[in-house]
Amino acid sequence: MSQPDAPAGSAPLAGIKVIDLSAYIAGPYGGALLADLGADVIKVEPPDGDNLRRYPSTLAAESRAFLGVNRGKRGVCLDLKQPAGQKILRRLARRADVLLHNFRPSVPARLGIDYATLGALNPRLVYCAMTGYGQSGPLADNAGYDQVLQARTGICAAQGMGRAGPEIVYGSVVDYYAAAMVANGITAALYQRERTGRGQEVSVSLLGSALAMQSARLVMQQDEPRDINRDMRSGGITGIHPTKAGHLYISANTAHFWKSLCTLIGKPELADDERYDSVKKRAAHADELIPLIRQGLAARTALEWEEIFGVSVPCAAVRKVEDMFDDPQVAAQDFILDMHHCKAGAYKGIANLIKFGANPAGTRPYGAPGLGEHTRAVLGELDLSPQEIESAFSSGAAAEHETGG
C-alpha cells in the first residue's frame, strides 16, 4: 500500500497511487490533474491503446491531444479481456489508493473489476467511475461524449442564441469540466478516507458536468414561463469588438469600468448619459451604443487598446492558442513546462496549474507515456515472480510496445 505520511514540502498527493483505466479526455485529464498534485498515476491501456492516440494530429509520432491530457503518468499495457490481464489489474488494485475508469456501467462487472470486487480486495480503495450519463436511469449504458451532452443539455442551443441554429462549443469544455470534478471527487474521498479508514465509490458523469456548467441558467422559479431568456449573458456592450487591427473583448459592467471605457475612447458623454447608467439600460440600448463604442475603438489596434485600458477596463485582445507559449503572464506563472515523450521527443505542455506554498516546485516535469512504456517496471513492483512476468508478456496479457529513449 502507499505511504500516507509524505515528507514535509512534498506535493499534496505524494505517496498516492492511482490506476487510470480511462480513455479519451475527461477521465485521463482528471488523472493528469492528480499527477500534477504529486500522485503516481499509472495509465493502463488495452493492447491497441487509448483511441485518443489515433485521433487526427499534425504531430507524426503521437496525437497532440493524447500528449496534452496524459502528462505525468506511467504507461502500462494490459489485455483485460484475458484472465491473466485481469489478475494483474487486481494485484495493482490491491496496492492502489485510487482506481479511475470511464467504462459504461455494465462493463466493469463483466471484466471482474467492479467496485464490489476490487473494494473487497482493498477496502481503502477510492473507486471513481467516469460515465456519460451516470450509473442509473434509462440512458445509463449509452456511450456519452462531450458534444453529445452539449446538444442534449441546452449548451448548443444557448451558444447559437437563436441566430442561425444551435452551435457546438469547441474545445471539449464538458470533458475538461468533468475532469476537474473527477479530481475534486477523488481528493474529497481520499480526505474522508483519512477520517474513516475506508475508501468508497465515486461517480462523475458528463451529464452532471454539462448541467453544472449551466448552474446560472438552470434556475426555474415556481410558476414562471418555461421558454424564457435565462439570463446567461450580461448583454450591452460586453463582447468582442473590431478595432483598427484585431479584435478586442471588453467587459465593462460596473459603473467604474464603464466610465473609464467611455473616457479612454474619447466619448465621456456616454458615461454621463442617464440612459446608459446601468448594465440593464446599456443592454436595452445595445443597438445604439455598440456602433458608438466601435467608432471609438476604430482609432487604435486591439493590442494598443489592451495597453491603454490596463487595469481601468477589463479586456483582452483576441489571440491564438499558440501565442500562450510566449505569453509573459503564462511564463510568470510557470504554466508551460518542458516535457518528453519516448517517440515524439521533447515538447512543451501545460501543467503546474495549482500553486502550493509548501511545494513551490509543482508537478514533476515529464510528459505522457508511450503505449506500454512502463509495463515491465510496474509489474516488477508487484509480488510476481520473474516467470509470471514473462508468462504475462508471452501470453499477450501484458505488453511493452514502446520504451523510453
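**Figure 1. Overview of the predicted protein chain.** Among contacts in the protein chain between residues at least 6 apart in sequence, 68% join residues at least 24 apart. The model is predicted. The chain holds 17 helices and twelve strands. Its C-alpha trace spans about 85 × 50 × 40 Å along the principal axes. Of the 405 residues, 44% are buried. The accessible surface of the chain comes to about 20,600 Å². Carbon and sulfur atoms account for 55% of that surface.

**Figure 2. The open sheet of seven strands.** The strand order is β6-β5-β4-β1-β2-β3-β12. Pairing within this sheet is mixed. The edge strands are β6 (201-205) and β12 (398-399), and each pairs on one side only. Strand β3 (residues 73-78) meets β12 in the antiparallel sense, over two bridges. Within this pairing, Cys77 has Ala399 of β12 as its bridge partner. In general, strands of a sheet pair through backbone hydrogen bonds, parallel or antiparallel.

**Figure 3. Helix α8 across three strands.** Helix α8 covers residues 173-196. The helix lies across β4 (98-101), β5 (126-131) and β6. Relative to β5, helix α8 runs at about 160°.

**Figure 4. Surroundings of Val126 in strand β5.** Val126 has a relative accessible area of 0% and therefore counts as buried, the cut-off being under 20%. Leaving aside neighbours within four places in sequence, Val126 is in contact with Asp97, Val98 and Leu99. The same contact list includes Ile186, Ala189 and Leu190. Gly199, Gln200 and Val202 complete the list. A further reference point is Val18, 108 residues away along the chain. The C-alpha atoms of Val126 and Val18 are separated by 9.2 Å.

**Figure 5. Ser209 in helix α9.** Helix α9 comprises residues 206-212. Ser209 shows 0% relative accessibility, so this residue counts as buried. Which residues does Ser209 contact, leaving aside its neighbours within four places in sequence? They are Val174, Tyr177, Ala178 and Met181.

**Figure 6. Helix α1, largely enclosed by the rest of the structure.** Helix α1 spans residues 26-36. Eleven of its eleven residues are buried, so the helix is largely enclosed. Among these buried residues are Ala26, Gly27, Pro28 and Tyr29. Gly30, Gly31 and Ala32 are buried too, as are Leu33, Leu34, Ala35 and Asp36. Gly38 follows α1. The phi of Gly38 is positive, near 105°.

**Figure 7. The hairpin of β10 and β11.** Three residues lie between the two strands of this hairpin. Strand β10 (residues 336-341) pairs with β11 in the antiparallel sense. Six bridges join β10 and β11. Met339 has Tyr347 in β11 as its bridge partner.

**Figure 8. A nonpolar surface patch with Leu353.** The patch measures about 330 Å². Ile350, Leu353, Ile354 and Phe356 make it up. Where does Leu353 sit? Leu353 is in the loop between β11 (345-350) and α16 (375-379). Its relative accessibility is 34%, so Leu353 counts as partly exposed. The reason is that 34% falls between the cut-offs, with buried under 20% and exposed over 50%.

Conventions:
Residues are numbered from 1 along each chain as its sequence is written. This is a predicted model: local features need pLDDT of at least 70, side-chain atom pairs count only at pLDDT 80 or more; totals for chains, interfaces and linings use all residues. Side-chain values use heavy atoms; hydrogens and water are left out. Two strands pair if DSSP finds at least two bridges between them. Helices (H or I, at least four residues) and strands (E, at least two) are DSSP runs, numbered from the N terminus. Contact means heavy atoms within 4.5 Å. Axes are lines fitted to C-alpha atoms, for helices over the stretch in contact, and angles run from 0 to 180 degrees between N-to-C directions. Patches are made of residues with over 30% relative accessible area and no salt bridge: like charges are joined within 9 Å, nonpolar side chains (Val, Leu, Ile, Met, Phe, Trp, Tyr) within 5 Å. Accessible areas come from the Shrake-Rupley method with a 1.4 Å probe; for residues, only the protein chains shown count as cover. A salt bridge is a side-chain nitrogen of Lys or Arg within 4 Å of a carboxyl oxygen of Asp or Glu. Buried means under 20% relative accessible area, exposed over 50%, partly exposed in between (1.4 Å probe, protein chains only).
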